[in-house]
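Please examine the following structure with attention to its charged pairs and its nonpolar interior.

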Amino acid sequence: FLVDKSGKNECEVACFIKAPETALENLKCKIVNDISSLVVDDSEELVSNVISIECSDDGKTIPFPINVAIPFTSCFRGNYREIVVKVTDVNFQSNYLTPISLEGYQGNHKETFAEVKIYQLGVFSVLSCLKKQTFTVPKVGLSQKLSVDSRISFYYPPETFSSPAPMQLKVQPIEPSLVSTLKARHDMYHAVVSASALVYVQHPSAQPFNSSVTITLPCPPNPEKKREEDETEHARAIRATVKRVATAYHPRAVSASLRKNGENLSDTLKLLGHRNKEEGWKVFDDVIIQNARNGLVSFELNEHLESFVVIRFSFLLENTYLLLFARALEEAVCSTMANVILYRKRENPCKIVVLLSASKELTCELQNLHKEGYFGPPEPTQQFPLREGEQIHFRFRGNIFASENGKDFGKVYRLIFHSQRKPRLKLQIKEVDEFGNHSSPHYKGTAVFYKITREMITKKWEQPLPYGEYQHQSPLCKLALTLPKHEKLINRPRSTRRISSDSSEALWDNLLYWLAEELAEDNTSLLALCLPVRRSVLQLVRLKCPDNLTHQIYELLCCWKKTLPRSADKQQLLSRYLRKSGRSDLSEELCFKWQNKVFT
C-alpha cells in the first residue's frame with residue numbers, strides 16, 4: 001500500500017498486506033501520524049508511521065487472519081528493549097503483538113519490516129518497548145535469572161505460593177549520568193551515590209507470599225569508597241615494606257607505623273517501591289539490604305511490589321528526600337531532554353525548517369541541517385524535558401507569519417515528539433505588513449512555543465489544531481526571527497521631474513539632469529560636490545532616492561537651485577562649485593551648453 005508523502009509528489013510504502021485478493025480490494029490504508037500521541041505510553045518509543053487499516057465496504061467480511069508488514073527504523077534497541085506491534089481499536093483498547101518476522105525485504109523493497117498476523121483491523125504502530133520476561137513459579141520453588149540482565153535474579157523458596165504463580169517482569173536500566181543530572185539540578189540529592197535498575201513486576205494471581213523471596217541486582221558502588229580501598233591496599237603494601245626495612249636497621253622504628261589517610265566511607269542502602277500506582281512510592285526501612293561482591297546487593301521481600309529500586313547514598317538522607325528522588329527518577333527515565341531548532345535556508349531566507357531534536361543528538365542534527373543548506377540565527381532553544389508523544393505547538397507573532405503551502409498563513413503548527421523519530425516542518429515565512437518595522441532593515445517576529453502534555457490531549461481520532469487557546473498557558477520558549485526586507489525597484493520616469501511653464505526653468509531642469517548623469521557615471525559622492533547645502537538636505541535626498549545615485553545628485557542640485565534668488569547667476573555659481581570639486585571639464589562643458597542652449 002503506497003501513500004502520498006505530505007506536500008510532496010512522491011509516494012512511500014505504508015505497509016504490505018498478505019491476504020486473499022478479494023480481501024485486499026476492500027482494504028483501505030493511510031498514514032495517521034497526527035494521532036501518534038494517542039498510541040504511546042511511558043517507556044514506549046514509536047519507531048514507525050502510525051497506520052490505519054480499514055475496510056472500505058462495511059458489508060464485506062475480511063477472512064482473518066491476514067499478515068501485515070510495517071516498515072520501521074529503530075536506532076537504539078539494546079538488550080533491555082524489544083520490537084512489538086501495537087494494535088489500537090476505535091475505543092482506544094490496545095493489544096501488543098510479537099512480530100513473526102523482522103526481515104529486511106518485502107518483495108523488491110529493502111527495509112526493516114515488523115510482520116504480524118492480525119485478527120482485527122484498527123490503528124497499527126511499531127514500538128520499541130521494555131522487554132517483558134514471563135515465567136511461572138511452581139510450588140517447589142524457583143531460582144530465576146533474567147534474560148535481559150543475568151545479574152538480576154529471583155529466588156523463590158519451596159512453597160512460596162500455594163499454586164503455580166505466573167510472573168511478568170520488565171527492567172528499566174538507570175544510567176549513572178541520569179543520577180548525576182538529577183544531583184546537579186537539586187542539591188538535596190547530593191548524598192545519592194547510585195541507583196539500581198527500576199524493576200516492574202506483574203503478579204496476576206495475586207497470591208500472598210508464604211515465605212520471603214530473595215532478590216539480587218546490581219547497584220553501582222561508591223567510586224570514592226573503591227578509591228579508598230585501592231589506597232588502603234597500597235598503604236598496606238608500603239607499611240609492610242617499611243616494617244621489613246625498619247626491623248633490619250632500626251628495631252625501635254617498628255612502633256612508628258604509617259597511618260591511613262582518610263576514614264572509611266560507609267554507604268547506606270534503601271529499598272523504595274510501591275505496591276500499586278495509587279498508593280505511590282514508599283521507603284521500606286525494615287528491609288535489610290546486604291552488599292555482595294562486584295557491586296551486587298541482595299534483600300528479602302515478603303510481599304508483592306509492582307515496582308522497586310535500590311538507592312545507595314553516602315550519608316543519612318531523610319525519607320522525604322528519598323521519595324522525591326524516586327519520583328524524579330521515574331519521571332526522568334520516561335523523559336528526554338530536547339531542543340527546538342528553527343533554521344533558515346541560506347539562499348532563500350523565506351524558507352525555514354522547524355524541528356525537535358534530542359539534546360544528545362543536537363550537534364549531529366545541526367551538521368545535517370548545514371549540509372541541507374539551513375543555518376541560523378536563531379540559535380536552538382535551551383533544552384527542556386519531553387516525554388514520548390508530548391506535543392509542541394507554535395505560532396508566529398509580530399510582523400512575520402508562516403504557511404506550509406504558501407497560501408494559508410497565520411495558523412498554529414504542531415510537532416509531536418518521538419525520541420527515535422525526527423519530527424520536522426518546512427514552512428514559508430513572509431511579512432504581515434510590508435511597511436512595518438520601517439526603522440529596521442529587517443521584518444521582525446517571534447516564534448512562540450507551547451508544551452502540550454499527553455494528559456492535555458483529548459482522546460479523539462480527529463486531532464484538529466486549536467487556534468487562540470493558549471492565553472492561559474505560559475510559553476515553553478520563544479525564538480526571535482528576522483526576515484530581510486525586499487529590495488524595491490522603483491522606476492522613476494523622467495516625466496516625474498519638475499515641469500515649469502517658464503522655458504528657462506525647463507531648460508535648467510534638463511541641464512541639471514544631464515549634469516547628474518555625468519557625475520553619477522564617475523560615482524561622485526554628494527559631499528564631493530561642495531554645494532552649500534545643509535546636512536539634513538543630504539540625508540533627505542538619500543532617503544528619497546536610496547538606490548539611484550543619478551536621482552540623488554539631481555535632487556540635490558534642485559534643492560540647491562531652490563535656495564538661490566531668481567537674480568543669481570546660477571551657471572556661474574555652478575561652474576565655480578564644479579571647478580572646486582575637481583571637475584573643470586564639466587564646468588567648461590556646462591558653460592558651452594548654457595551659451596549655445598544645447599541640453600540633449
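How many salt bridges does a search of the whole structure find? The search finds 19 salt bridges; the model in which they occur is a predicted one. Side chains of opposite charge can pair when their charged atoms come close.

One of these pairs joins aspartate 149 to arginine 151, with a distance from N to O of 3.0 Å. Its acidic member, aspartate 149, has a relative accessible area of 8% and is buried, whereas arginine 151 is partly exposed at 46%.

A further salt bridge links aspartate 267 with arginine 312, where the closest N and O atoms are 3.5 Å apart. Because aspartate 267 sits in the loop between helix H3 (223-249) and S21, and arginine 312 belongs to strand S25, this pair ties together parts that are 45 residues apart in sequence. Aspartate 267 is buried, at 18% relative accessible area, and arginine 312 is buried as well, at 3%.

The salt bridge between glutamate 455 and arginine 387 has an N to O distance of 2.8 Å. Glutamate 455 is located in the loop between strand S34 (442-452) and strand S35 (477-484), and arginine 387 in strand S29 (residues 384-387), so their pairing connects parts that are 68 residues apart in sequence. Here glutamate 455 is exposed, with a relative accessible area of 59%, while arginine 387 is buried at 16%. Both residues belong to a network of salt bridges whose other members are Asp42, Glu390, Lys451 and Arg454.

Attention now turns to the nonpolar interior. In soluble globular proteins, nonpolar side chains tend to be buried together. The largest nonpolar core in this model comprises 31 residues, and those with the most contacts inside it are Phe154, Leu217, Leu271, Phe299, Phe308 and Val310. Elements that supply two or more residues to this core include strand S14 (133-137), strand S16 (153-156), strand S20 (213-218), strand S21 (268-274), strand S24 (296-301) and strand S25 (307-313). Strand S17 provides the largest share, four residues.

Which residues does leucine 217 touch, leaving aside those up to four places away in sequence? Among them are Ile152, Ala197, Val199, Leu296, Val297, Phe299, Phe308 and Val310. Leucine 217 also touches Arg151, the residue that forms a salt bridge with aspartate 149.

A second, separate core contains 26 residues, including Ile352, Phe384, Leu386 and Ala447.

Methods:
Residues are numbered from 1 along each chain as its sequence is written. This is a predicted model: local features need pLDDT of at least 70, side-chain atom pairs count only at pLDDT 80 or more; totals for chains, interfaces and linings use all residues. Side-chain values use heavy atoms; hydrogens and water are left out. A nonpolar core is a set of buried Ala, Val, Leu, Ile, Met, Phe, Trp, Tyr and Cys residues joined through side-chain atoms within 4.5 Å. Buried means under 20% relative accessible area, exposed over 50%, partly exposed in between (1.4 Å probe, protein chains only). Contact means heavy atoms within 4.5 Å. A salt bridge is a side-chain nitrogen of Lys or Arg within 4 Å of a carboxyl oxygen of Asp or Glu.
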